Amino acid sequence: MRAKFSGKPESLMSLLFILMLTALFFIFGTACEKKPRPAAEAEKTSARLPEQFPARIHDSNNPDLMIMTLGEVHSPLSSGTFYPYEDRFVFKDGGEIKNYFREKLSIKYYRPIDKSSFPLPPSGWCSWYYYYQEINQEEVKKNATWLAQNLKDYGATCCQIDDGWQGSGRGLGENRDWTTINDRFSEGMDSLARFIKSLGLVPGLWLAPHGQSNELVVKKSGAFLLTTEGKSVSSTWEGKYLLDPSKPEAHDYLRDLFTRLSRDWGYEYFKIDGQPIVVNEYRKHRNLINSPDNPETLYRRTLETIREAIGPQRYLLGCWGIPLEGAGIMNGSRTGGDVVPAWEGFLTAVEATMNYYFLHNIVWYCDPDVMLVRYPLTLEMARAWATLQGLTGQALLASDRMYDLPEERVEILRRVFPAVDVRPFDLFPSKRFKRIWDLKINHLGRVYDVVGCFNYDRDKTAGILLRWQDLGLEENSLYHVYDFWNREYLGCWPAGFYVEVPPAGVRVLTLMKDSGEPLLLSTSRHITQGWVDLRSLSGDSEKLVISGKSQVIKKDPYELRFAFPRNQRNLRIKRVEAPGYAVSFKNYDGWATVSIMSQSTDEVSWEVYFEKGEVYNFPPQEPSGLQASLKGLNSVFLEWNPLYYLNAGYYVYVDGKLYLYTPVNRCLVSGLDPSKEHLFEVRTVWLDGTASEKTASLKFQPAGHLAEEIYLSDLEPEVLTAGWGFPQMDRALSGGPLKIGNKVYQKGIGTHASSEIIFDIGGLFKKFQADVGLDAGSRGKGSVEFKVFGDDHLLWKSGLIKGETGPRKVSLSIPGVKKLRLVVEDGGDGIDYDHADWAEARVIR
């Protein structure tokens, strides 16, 4: 019976008291549901995208360059301005593209990301890539405990349990039963969620919710796609049975399932797998689904039901390739295939980033899959993987057996947790694996670039050119250079920097313009070097003091790295004040470091005082023995004798103009006109910029040194894509030898349909020759067609090639062709097993 309000004062007071309690309960409950954010990020995250921001929609001068931003960044490399809430791109000249994401990029369900509940991507741990389906509650607890004790203060707060908690079997079989808890989790999944929360972590769970393997559940629910005889219409990886999205019972099923997992059990992060399978099955069986709506609409309704059940405060991650149909409903999505604990796994994450990073922090948080750092990955490989995650700000979940990692591997993790608010500057997919990843940062008046230089080759050192103008920096200005992973200051230089990157490795260089005053160049806490940790910063150039506040982690030595103006290299630290904390400092030539140690995670105020001291200079001596060799068609490798005397490196000049600085006695020069003779000069240089009076010099015309025959695998392609995996030079796609039929090849390009590879050959060659065919890796199952284009004109096509067909020869006349385009298309039956080789592909003069 409903009570009536009497209108008496005491009744009014009672009602007000009840309303007040209800309001307090609602506020408190809502606050408890919100995810804790790392303290280091609390002041700099935004719950909303900017109304507009600068961006590129195509490459600039250097096609090897990818750009990201952190903070309010402006660059002359921008093509114009993007308005995310209008989906409109406006060029600098006022022209515009409407529906840029929806139509230009084919993101049909584009909607700007809602950051109100999740201002940052998730950071933490996933069980899958160490335990796979052999996970159990004890191992989850061990890893969660380690995470809480070692990385929680660094922002790693998510603990996600993957496949293996559910069902009664392994593999597929009875495994797709979300109503049954596997006996390896005897204490119950709700108990495990409570344990994870007790550590201050966020519990997460994997499932493939549209599938089911338990026939009793299927019959009882009435929610699945069945024939009139009661048999399954769709049996896939998702499960023996598939939900019928047109049935109200299917939505009841999903609502009940996710209510149990979230509100009853307590999980707050959900990774829903196999999503593209679901959409494709709905398309495939559309005639059996009793609804006039299209399959994508029906699928999205199932996601909306899931969202309704879990609420806005719980994270929803789509998985399996990239389920673009979930845009606007999912908080995040995987953007590529599964990784493996090897260099190939890292390349899978690179591929996902190249293909779909333009969606990150604009449509949803991208997830290129987990980060692995354990052996047999080398330390260089582990740093490369961590750099990929740290510089892009994508979802960041480790997936090793955390408590087994040695200290040197854990140290790598500390420097990239948590994922921060990075956004792509490049709003387009890349058609090549770019090697220069430039994160432009603006924070507390510090404007700087953190540049990752990647070498994807497992066998050879790579020389990479960082030219200031290519990065949108001032060509003639001086920039301080700091090596983050190697913790070393590399000087202050104009024009550019030549960096050598070890095989399967990375170098991370911080670039900051010389201001004419002492400056804070880098900090040790995070790869972004100040964004996570630096709370305030000020300086007095007359008193020679820099002061600030930093968030430091307990028992983690926090280092501040200062650089001095080139003409004031004699500066040094006089004293440091940080009351209550252990402090030390070191002075070097042109730079200095301060180390602060705290026994608790805390905010530290510090002041650093500088004074003038002595400086040592050495007169640079003349270099000698300059030699040049052609690399590709328009690049020249310069090398000269290592100098006996002390030096800080070399300036390289091209046609009388300073090209860049190199710390070693060699350098690559690219972008040359091969038909012209070029003058190359080298001067030795000292730290203050003084260069030797005399130069080593020579003249060289690239076209005059072209070989009569050049393999395309020795050239740098403008475009290099594959429908699966990453094209390999002088290897099959699998990494093994190129093999067509019974013939093995030493040279060529291994790829996979659908593939496009473009070379700029400058009209310098008369013939193109190759052997083409399906690689042995196709296992006799693929079917493809090869095509060759010259300046967009079709010159040749192979016709359909199937199975274990032997090599097919191609020989074409290509006089005057500037752009040579090699295409592999699937044979009309999908791209499965379509491993394709351009064996001994070469151009002949």
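This briefing covers the nonpolar cores, one pocket, a run of paired strands and one helix. The model is predicted. Its largest nonpolar core holds 208 residues, and its second largest pocket encloses about 1500 Å³ of space. Strand β12 pairs with both β11 and β13, while helix α8 is mostly covered.

**Nonpolar cores**

- Within the largest nonpolar core, the residues that touch the most other members are F101, W165, F258 and F768.
- Helix α11, spanning residues 379–392, supplies seven residues to this core, the largest share.
- Another core lies apart from the largest one and has 28 residues, including I464, V501, L511 and Y653.
- Leaving aside residues up to four places away in sequence, F101 touches F82, D87, S106, I107, Y110, F358, L359, I362, V363 and L427.

**The second largest pocket**

- The lining of the second largest pocket is made up of 49 residues.
- Nearest the centre of this pocket lie G336, G337, D338, W724 and G725.
- By type, the lining residues comprise 20 nonpolar, 17 polar and twelve charged.
- Two elements, α3 (128–131) and α10 (343–356), each give two or more residues to the lining.
- Helix α10 provides the largest share of the lining, with eight residues.

**Strands β11, β12 and β13**

- Strand β12 covers residues 315–318, and Y315, L316, L317 and G318 are all buried.
- The residues of β12 point in two directions: Y315 and L317 go one way, L316 and G318 the other.
- On one pairing, β12 runs parallel to β11 (residues 269–272), with four bridges between them.
- F270 has L316 of β12 as its bridge partner.
- On the other pairing, β12 runs parallel to β13 (residues 332–334), with two bridges.
- G318 has S333 of β13 as its bridge partner.
- L316 and G318, which carry these bridges, point the same way from β12.

**Helix α8**

- Helix α8 spans residues 275–284, and seven of its ten residues are buried.
- The buried residues of α8 are Q275, P276, I277, V278, V279, E281 and Y282.
- Among the elements that cover these buried residues are β10 (241–242), β11 and α9 (295–310).
- Strand β11 thus appears twice in this briefing, as a cover for buried residues of α8 and as a parallel partner of β12.

Notes. Residues are numbered from 1 along each chain as its sequence is written. This is a predicted model: local features need pLDDT of at least 70, side-chain atom pairs count only at pLDDT 80 or more; totals for chains, interfaces and linings use all residues. Side-chain values use heavy atoms; hydrogens and water are left out. A nonpolar core is a set of buried Ala, Val, Leu, Ile, Met, Phe, Trp, Tyr and Cys residues joined through side-chain atoms within 4.5 Å. Buried means under 20% relative accessible area, exposed over 50%, partly exposed in between (1.4 Å probe, protein chains only). Contact means heavy atoms within 4.5 Å. On a 1 Å grid over the protein atoms alone, a cavity is a set of points where a 1.4 Å probe fits but cannot get out, and a pocket is an open set with protein on both sides within 12 Å along at least five of seven lines; lining residues have an atom within 4 Å of a point. Grid points are joined across faces, edges and corners, and a volume is the space filled by probe spheres set on the points. Ala, Val, Leu, Ile, Met, Phe, Trp, Tyr, Cys and Pro count as nonpolar, Asp, Glu, Lys and Arg as charged, and the others, Gly among them, as polar. Two strands pair if DSSP finds at least two bridges between them.
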